[in-house]
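Got the viewer open? Here is a short tour, stop by stop, with something to select at each one.

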Amino acid sequence: MKELLDKFNQLSEREKTLVVISGIMLVIALFYFIVWSPISDSLETQRKLVTSNQADLIWMKKNANRAIQLRSAGGNSAVYSGSLPQAVNQTAGRVNIAISRMQPQGEELKVWVDQAPFNDVVSWLQSLEALGIRIINVDLAESNAPGMVKVRSLQLGKS
């Protein structure tokens with residue numbers, strides 16, 4: 001450090017001024033690129049995420065009554081007597097849902113879907129209920145894309 005200070009003292013006044021100004025500019029640039037810019041970018045990303053989630057919440061609140069009506073109208077007396085995997089494949093194909101995995105469990109069937117539009121999943125579940133297939137349990141998760149969900153677990157049975 002003493003060597004640097006000796007070299008600095010050997011410089012002319014003009015060179016010393018340039019070194020000091022360059023050092024200050026370097027500190028400012030490092031602060032901007034290491035601290036300020038990443039924080040600013042992160043805040044902007046979070047703002048966009050909040051806006052997107054607020055829009056999703058508004059949509060869900062608007063459609064909550066429809067979901068309640070569909071659930072109460074679900075007192076369907078149809079009894080499905082065919083093959084569950086076949087019915088699931090056919091109904092999923094009609095609404096363009098790609099099933100990633102199915103696992104029969106006795107008289108029940110577990111289904112997983114990696115990614116599908118939320119509205120298509122709701123239509124698919126409605127068509128399954130209309131056939132008389134009972135939805136025992138559904139576990140949905142949001143996907144990275146807007147309006148898309150993952151069906152982490154869908155357990156179906158015959159009514």
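How much area do domain 1 and domain 2 bury between them? About 310 Å², with 48% of it on carbon and sulfur atoms. Bear in mind as you click around that this is a predicted model.

**Stop 1: the two domains**

To see that boundary, colour residues 1-73 as domain 1 and residues 84-158 as domain 2, which is how the domain assignment splits the protein chain. Drop a centroid on the C-alpha atoms of each domain, and the two centres sit 41 Å apart. Where they meet, four residues from domain 1 are in contact with four residues from domain 2.

Now select Trp59, Arg66 and Leu70 and show their side chains. These three supply 78% of the area that domain 1 buries against domain 2, more than any other three residues. The domain 1 side of the contact divides into two nonpolar residues, one polar and one charged.

While you're here, how many salt bridges run between domain 1 and domain 2? Zero. Residue pairs in polar contact between the two domains, with both residues at pLDDT 80 or more, also come to zero.

**Stop 2: a salt bridge in a helix**

Salt bridges do turn up in the model: the count comes to four. For one to look at, select Asp6 and Lys2, whose closest N and O atoms are 3.9 Å apart. Why does this pairing work along a helix? Asp6 and Lys2 are four residues apart in helix α1 (residues 2-10), so about one helical turn separates them.

**Stop 3: the first hairpin**

Jump to strand β1 (residues 101-105) and strand β2 (residues 108-117), which pair in the antiparallel sense over five bridges. For landmarks, find Arg101, which stands opposite Trp112 in β2, then Pro104, whose bridge partner in β2 is Leu109. β1 and β2 form a hairpin with two residues between them. Click on Gly106 in that turn and check its backbone: phi is positive, at about 70°.

**Stop 4: across to β4**

Keep β2 selected and add strand β4 (residues 148-158). Seven bridges join β2 to β4, and the two run antiparallel. One pair to pick out is Pro117 with its bridge partner in β4, Met148.

If you want to follow side chains along the way, remember that in a regular strand they alternate between the two faces of the sheet.

**Stop 5: the second hairpin**

Last, add strand β3 (residues 133-142). How many bridges join β3 to β4? Nine, with the strands running antiparallel. Arg134 is a handy marker here, with Gly157 as its bridge partner in β4. β3 and β4 also form a hairpin, this one with five residues between them. Finish on Gly147 in the turn, which has a positive phi of about 80°.

Methods: Residues are numbered from 1 along each chain as its sequence is written. Side-chain values use heavy atoms; hydrogens and water are left out. Domain bounds come from an automatic or database domain assignment. Contact means heavy atoms within 4.5 Å. Buried area is the accessible area (1.4 Å probe) that two parts lose on being put together, summed over both. A salt bridge is a side-chain nitrogen of Lys or Arg within 4 Å of a carboxyl oxygen of Asp or Glu. A polar contact is a pair of N or O atoms within 3.5 Å; within protein, one must be able to donate a hydrogen and the other to accept it, and residues adjacent in sequence count only if both atoms are side-chain atoms. Ala, Val, Leu, Ile, Met, Phe, Trp, Tyr, Cys and Pro count as nonpolar, Asp, Glu, Lys and Arg as charged, and the others, Gly among them, as polar. Two strands pair if DSSP finds at least two bridges between them.
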